[in-house]
Amino acid sequence: MGAWLLDPPDGPPARGSAAGIAPSGPGVTCYEDAPDGGILIHAGVEVSAPLGEDDGLRIVDLPPVEQAATVMHRGSMDAVLPPVQTLGRWIDANGYRSIGYPREVNLECPDDHDEWVTELQEPVTVRG
């Protein structure tokens, strides 16, 4: 997917702006297993900058999801459960199974959260 500035754990994403790194694409939220058995939540934004880490800012290559079932959610993330359930039913009904944590790509994020547009991406494989 390209270069992504991930939120530093100790500060707001505005630190990227202060360092002269401007967004070049949508925001993304992704998840991974934490060493302690919990789940790490990463918030980031696509940037045009070299990969690396400097002063606590991490610019990483966010690998593409090989195959995903997706659905568009329009509205606040407080109301995301129905589209997630619809996506889960579609995955099951069409012979797939989930194989990892979903991603949320924030396509439109105006001040009014009810106007947000988010693509939910669920990694899948053919059920076998």
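A residue is buried when its relative accessible area is under 20%, exposed when over 50%, and partly exposed in between (1.4 Å probe, protein chains only). By that rule Leu62 is buried, with a relative accessible area of 9%. The model is predicted: local features need pLDDT of at least 70, side-chain atom pairs count only at pLDDT 80 or more, and totals for chains, interfaces and linings use all residues. Residues are numbered from 1 along each chain as its sequence is written, and side-chain values use heavy atoms, with hydrogens and water left out.

**Overall layout**

- The protein chain has two helices and nine strands. Helices (H or I, at least four residues) and strands (E, at least two) are DSSP runs, numbered from the N terminus.
- From the N terminus, the order of elements is β-α-β-β-β-β-β-α-β-β-β.
- The protein chain has 128 residues, of which 33% count as buried.
- The chain exposes about 7,900 Å², and carbon and sulfur atoms supply 53% of this area. Accessible areas come from the Shrake-Rupley method with a 1.4 Å probe; for residues, only the protein chains shown count as cover.
- Take the contacts (heavy atoms within 4.5 Å) between residues at least 6 apart in sequence: 65% of them join residues at least 24 apart.

**Helix α2**

- Helix α2 has 13 residues and spans 18 Å from its first C-alpha to its last, close to the 18 Å expected at 1.5 Å a residue. The expected span is 1.5 Å times one less than the number of residues.
- Pro83, Leu87 and Ile91 are the buried residues of α2. Seen down the helix axis, they fall within an arc of 80°, so they line one face of α2. The arc is that of the directions from the helix axis to the C-beta atoms.
- Cover for these buried residues includes β6 (68-74), β7 (96-98) and β9.
- Turned away from the buried side is a face with the exposed residues Leu81, Arg89, Asp92 and Ala93.
- Gly95 follows α2 and has a positive phi, near 80°.

**Salt bridge**

- The whole structure holds one salt bridge. The term means a side-chain nitrogen of Lys or Arg within 4 Å of a carboxyl oxygen of Asp or Glu.
- Asp92 pairs with Arg127 in a salt bridge, and their closest N and O atoms are 2.9 Å apart. Asp92 lies in helix α2 (residues 81-93) and Arg127 in the segment after β9, so the pair ties together parts 35 residues apart in sequence.
- Arg127 is partly exposed, at a relative accessible area of 40%.

**Nonpolar cores**

- In soluble globular proteins, nonpolar side chains tend to be buried together.
- A nonpolar core is a set of buried Ala, Val, Leu, Ile, Met, Phe, Trp, Tyr and Cys residues joined through side-chain atoms within 4.5 Å.
- The largest such core has seven residues: Ala69, Val71, Val80, Leu87, Ile91, Leu120 and Val124. At least two of them come from each of β6, α2 and β9.
- Apart from this core lies another, of five residues, including Ile21, Val45, Leu57 and Ile59.
- Beyond its neighbours within four places in sequence, Ala69 touches Leu87, Trp90, Ile91, Leu120, Gln121, Glu122 and Val124.

**Residues in strands**

- Thr118 belongs to strand β9 (residues 117-126). Thr118 counts as buried, at 0% relative accessibility.
- Setting aside neighbours within four places in sequence, the contacts of Thr118 are Val71, Met72, His73, Met77, Glu104, Val105 and Asn106.
- Thr29 is part of strand β2 (residues 23-33). Its relative accessibility is 14%, so Thr29 counts as buried.
- With neighbours within four places left aside, Thr29 contacts Ile41, His42, Pro102, Arg103, Glu104 and Asn106.
- Ile39 sits in strand β3 (residues 39-47). Ile39 and Tyr101 are 62 residues apart along the chain, and their C-alpha atoms are separated by 9.7 Å.
- Outside its neighbours within four places in sequence, Ile39 contacts Tyr31, Glu32, Ala34 and Tyr101.

**Residues in loops**

- Leu62 is placed in the loop between β5 (57-61) and β6. The C-alpha atoms of Leu62 and Glu46 are 9.2 Å apart, with their positions 16 residues apart along the chain.
- Ala49 lies in the loop between β3 and β4 (52-54). Ala49 is partly exposed, at a relative accessible area of 21%.
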